[in-house]
Amino acid sequence: MRAALDAIAAFVREHHVLTLATSRDGSPYATPLFYAYDDVRNCFVFASAEDTEHTAQMKANPFVAAGIALETDTVGKIQGLQCRGRIVVSDAADARCYYARFPYARAMLPTLWRLEPSWMKLTDNRFGFGKKLLWEAAAPVK
């Protein structure tokens with residue numbers, strides 16, 4: 001499972017936008033967000049204003065899904081990550097991680113959030129058509 005997490009982390013570090021999927025009362029919502037990835041804690045940190053629909057949904061239901069994709073027309077290069085996890089309020093370590101990647105964002109004083117993944121699946125056609133690497137937290141978040 002460590003090899004899968006290492007491959008997932010390598011992919012995640014190459015990108016900076018994830019699509020976050022939230023839901024509340026049977027109403028789904030998806031939004032693209034800039035993120036920073038914390039290798040040590042295996043989490044995604046992102047900024048989101050308090051007055052957005054996805055923030056309202058995250059507060060009502062912290063269990064979310066996310067995706068990151070490499071855009072390509074070449075089948076042999078297709079890569080994409082699917083993820084499930086839980087949203088929590090960020091801490092000082094998250095702020096350091098996010099501002100290290102996006103220093104200009106500090107001036108906006110954004111609200112930061114952390115996505116703690118409980119399950120991730122990386123599809124990577126470079127290792128064979130439809131090759132999937134799975135990672136699951138030792139104690140999945142429920």
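Strand 1 (residues 17-24) and strand 2 (27-38) are paired in the antiparallel sense over eight bridges, where helices (H or I, at least four residues) and strands (E, at least two) are DSSP runs numbered from the N terminus, and two strands are taken to pair if DSSP finds at least two bridges between them. The model is a predicted one, in which local features require a pLDDT of at least 70 and side-chain atom pairs count only at pLDDT 80 or more, whereas totals for chains, interfaces and linings use all residues. Residues are numbered from 1 along each chain as its sequence is written, and side-chain values use heavy atoms, with hydrogens and water left out.

Within this first pairing, Thr-19 has Pro-32 of strand 2 as its bridge partner. Strand 1 also pairs with strand 4 (residues 63-69), again in the antiparallel sense, over three bridges, and there Thr-19 stands opposite Gly-67. Two residues lie between the strands in the hairpin of strand 1 and strand 2, where Asp-25 takes a positive phi near 50°. Most residues other than glycine have a negative phi. Asp-25, which is not a glycine, is exposed, with a relative accessible area of 79%; here exposed means over 50% relative accessible area, buried under 20%, and partly exposed in between (1.4 Å probe, protein chains only). A positive phi near 50° is also found at Leu-109, likewise a residue other than glycine. Leu-109 is placed in the loop between helix 3 and strand 6 and is exposed, with a relative accessible area of 71%.

Strand 6 (112-124) and strand 7 (residues 132-136) pair in the antiparallel sense over five bridges, with Leu-133 of strand 7 as the bridge partner of Leu-122. The side chains of strand 7 alternate along its length: Leu-133 and Trp-135 point to one face and are buried, while Lys-132, Leu-134 and Glu-136 point to the other face and are not buried.

At the start of helix 3 (residues 92-101), a side-chain oxygen of Asp-91 reaches to within 3.1 Å of the backbone nitrogen of Ala-93. The buried residues of this helix are Asp-94, Cys-97, Tyr-98 and Tyr-99, and they pack against strand 2, strand 3 (43-47), strand 5 (79-89) and strand 6.

Over the whole chain there are three helices and seven strands, which follow the pattern α-β-β-β-α-β-β-α-β-β when read along the sequence. Of the 142 residues, 42% are buried. Among contacts (heavy atoms within 4.5 Å) between residues at least 6 apart in sequence, 63% join residues at least 24 apart. The chain exposes about 7,800 Å², of which carbon and sulfur atoms supply 57%, with accessible areas taken from the Shrake-Rupley method with a 1.4 Å probe, only the protein chains shown counting as cover for residues.

The largest nonpolar core (a set of buried Ala, Val, Leu, Ile, Met, Phe, Trp, Tyr and Cys residues joined through side-chain atoms within 4.5 Å) contains 27 residues, of which Val-12, Phe-44 and Leu-81 touch the most other members. At least two residues of this core come from each of helix 1 (2-13), strand 1, strand 2, strand 3, strand 4, strand 5, strand 6 and strand 7, and helix 1 gives the most, with six residues. Apart from this core lies another, of nine residues, including Ala-36, Ala-47, Ala-105 and Leu-112.

Key: Polar contact = N/O pair within 3.5 Å; in protein donor to acceptor, adjacent residues only side chain to side chain.
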